[in-house]
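Please open the model in your viewer and keep the selection tool at hand. The stops below go from one helix pair to a sheet, then to a second helix pair and a few backbone details.

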Amino acid sequence: MGKSLYIAEKPSVAREFAKALKYDMKNKDGYMESQEAVVTWCVGHLVTMSYPEVYDEKYRRWSLDTIPFIPEEFKYEVIDSVKKQFGIVSGLLNREDVETIYVCTDSGREGEYIYRLVEQQAGVEGKVRKRVWIDSQTEEEILRGIREAKDLSAYDNLSDAAYLRAKEDYLMGINFSRALTLKYSYPIKNYLQTDKAVVSVGRVMTCVLGMVVNREREIREFVKIPFYRILLQVAIEGHECTFEWKATEESKYYQSPKIYKDNGFLEEKEADAFISFLQEEPKEEPVIRKIEKKKETKNPPLLYNLAELQNDCSKLFKISPDETLRIAQELYEKKLTTYPRTDARVLSTAVAKEIAKNIGGLKNYHVAAEYAAEILKKGSYRGIEKTRYVNDKQITDHYAIIPTGQGFGSLNSLHPASAKVYEIIVRRFLSVFYPATVYQKISIGVQMKGETFTSGFKVLADPGYLKVVQNSFARKKTEEYTEEEKKEEVKEEACDASFMEALSALKKGMNLTAGELSKKEGETSPPKRYNSGSMILAMENAGQFIEDEELRAQIKGSGIGTSATRAEILKKLVHIKYLDLNKKTQIITPTLLGEMIYEVVAGAIRPLLDPRLTASWEKGLTLVASGEITEKEYMVKLDDFVTRRTNAVKQMNNQATLIHRFHYASQFYKK
């Protein structure tokens, strides 16, 4: 009987498979072996696409005469630094006694690509090939993945999409970078007084650069509008409460050009005149014209996918998306959490049925032990599959990032930052088994001389899930609100239950005692700069940074890049000095070079700056992976786009006009 060969993406993962198999494995050079099986590994990519000069020496020299370069057959080669391991893996794949190959690379598009390239380069034939698809590295999940492994051919569409993604990045990168560098490197070099200038262009990278530059220009061009709000102090049951004026239909300023929106005067003198009018004799006390009482519920947020985790880590810990991904990968490899490179924020029905195991394991994690025990005691995990936190249709490759309830032996060895990331994943997970937070809210409208002032009050009636999400490392704790909840209180005063009771006793027509009238100066705010977290969310949502979490969850379709690549793209833009990332604040801004590259692309291949186009390419890859369109159909469109755009650049002669744009940009950067 032939042996089974298990091939993982990394040595550490291979060791977990060897442990789970429980065979008497002996360590060899680059693999492990027992009587029943062989376990080996890649070290990331072992094979890569060949440079153009491998096709023909004429391509070594960059020239407009040799582009567009689109080969009929793509060439691949073994990466020099890992030739030894490739030789070992190739030999094992082709060994006569190996009957079945279990592909155990990461369960996603890139993991599929890593193996397929190795198999292609090794010339493997006549073997049974099975695909192991797992969501965590726990022993049970590894054994389930092996037991339920499908024939590798079931993943051929995913493989096609992986190859196409690489070809797309290769063709756009080589052709567009060469075309734009050959056409525009001299004006860039001359302007910056540097020795050389290469225009680096990428399908996703250039789009992200465009988003950051566009946002910076919106901020520069923003004109602040000052305005003056009118505030009224009113005494209610011994409490001083602030009411704000609003120009309702009864107001003499309703839809007046003198006011901003409906609650601020554009001129200070108009605000002063309005206050004088209200204070003129005969004075009036404020009379209650409207009281509205309502209950507001706020459900626990959806679970973490990688983008949401990267956003929160940027906000909470000021760490970059690539650092968050590194930590999430570490937690996964230490069996503490599930697979990190996921876009889903929900669980699958199958996982939901077994979720008590994950919760039960967390009784061994001191930070969350009491919550896990409470959930199990109350049985609030039962029926979770009928809630919005479970939806098979919203899962492509993997479900949300959740704790496995295992791996606690690694907790003490975690870096403090990793321990904090693990804690927020655990708290987010446990929160979905708690009820909604409930607020009692009262809004009151009073009138004086026909003008309306309003105020809102709220009290936390039931904390619900809030008690779970209060992080142990938070600087300030409060019995009633988390920091996020506080931010949401715009025009509502938090109050205690006894004062809320007093407010509830108020009736329409009652007179209140007016206090001081005052004006408060404000001004409109420019758009915010992206930080590393909000940039990742904007990429996920095809160019829009959507602050509302519920709305983000409803957005369907592919974003810009994938959960596996977004952090790396941002990192590259910073590395090549097109963007600047402030490590303390995680705020992203363009550099002068980045803004000049933006101008070059805008004048030559503007669609590369459009998030909608970039997202449509990503959507196309998703359709290939799902079998809705063929690899050939996609390739025809790609060839046409690259050919047309490259040829268009070759015909351009707009270098002189760029200098004016470079001058415009340079005024905003220190010399």
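In this predicted model, begin by selecting helices α9 and α18, where α9 passes α18 in a left-handed crossing. To find them along the chain, take residues 306-317 for α9 and residues 532-540 for α18, whose axes come within 7 Å and cross at roughly 150° or more, namely roughly 160°. Since angles over 145 degrees count as roughly antiparallel, α9 and α18 are therefore roughly antiparallel to each other. Now show the side chains at this contact, which is made by A307, E308, Q310, N311 and S314 on α9 and by S532, G533, S534, I536, L537 and E540 on α18. Coloured by class, the residues of this contact of α9 with α18 divide into three nonpolar, six polar and two charged. The crossing angle of α9 and α18 should be read simply as roughly 160°.

Next, select the open sheet, in which seven strands follow the order β2-β3-β4-β1-β7-β8-β9 with mixed pairing. At its edges are β2 (26-28) and β9, each of which pairs on one side only. Moving inward from β2, select β3 (residues 31-33) and β4 (residues 37-41), which pair in the antiparallel sense over three bridges; within this pair, M32 stands opposite V39 of β4.

Which strand runs parallel to β7 (residues 98-104), and how many bridges join the two? The partner is β8 (residues 128-131), joined to β7 by four bridges, and a convenient place to centre the view is T100, whose bridge partner in β8 is V128. If you trace the chain from β7 to β8, you pass through helix α4 (residues 109-122), and this β-α-β crossover is right-handed. Keep α4 selected, for this helix packs on the sheet and touches β1 (3-8), β7 and β8, with a direction that makes about 165° with that of β8. From β8, go on to β9 (residues 150-151), where two bridges join strands that run antiparallel; here the bridge partner of R131 is K150 in β9.

For the second helix pair, select α6 (residues 156-192) together with α22 (residues 611-625), whose axes come within 7 Å and cross at roughly 150°. By the cut-off used above, over 145 degrees, α6 and α22 are therefore roughly antiparallel to each other. Viewed at the crossing, α6 passes α22 in a right-handed sense. The residues to display are N157, L158, D160, A161, L164, R165, E168 and M172 on α6, and W617, L621, V624 and A625 on α22. By class, this contact has eight nonpolar, one polar and three charged residues.

Finish with the backbone, and display the peptide bonds at two prolines. The bond from I67 to P68 is cis, with omega near 5°, and P68 lies in the loop between α2 (52-55) and β6 (76-78). A further cis bond leads from E281 to P282, with omega near -5°; P282 is found in the loop between α8 (268-279) and β14 (287-298). As a last selection, take E237, which lies in the loop between β10 (226-236) and β11 (239-246). What is the sign of phi at E237? Phi is near 50° there, a positive value in a residue other than glycine.

Note on methods: Residues numbered from 1 in each chain as written. Predicted model: local features only at pLDDT ≥ 70, side-chain atom pairs only at ≥ 80, totals over all residues. Heavy atoms only, no water. Axes fitted to C-alpha atoms, helices over the stretch in contact; angles between N-to-C directions. Parallel < 35°, antiparallel > 145°, perpendicular 65-115°, else oblique. Left-handed = near helix turned anticlockwise from the far one by under 90°. Contact = heavy atoms within 4.5 Å. Nonpolar A, V, L, I, M, F, W, Y, C, P; charged D, E, K, R; others polar. Pairing = 2+ DSSP bridges. Right-handed = clockwise from strand over helix to strand, strands pointing away.
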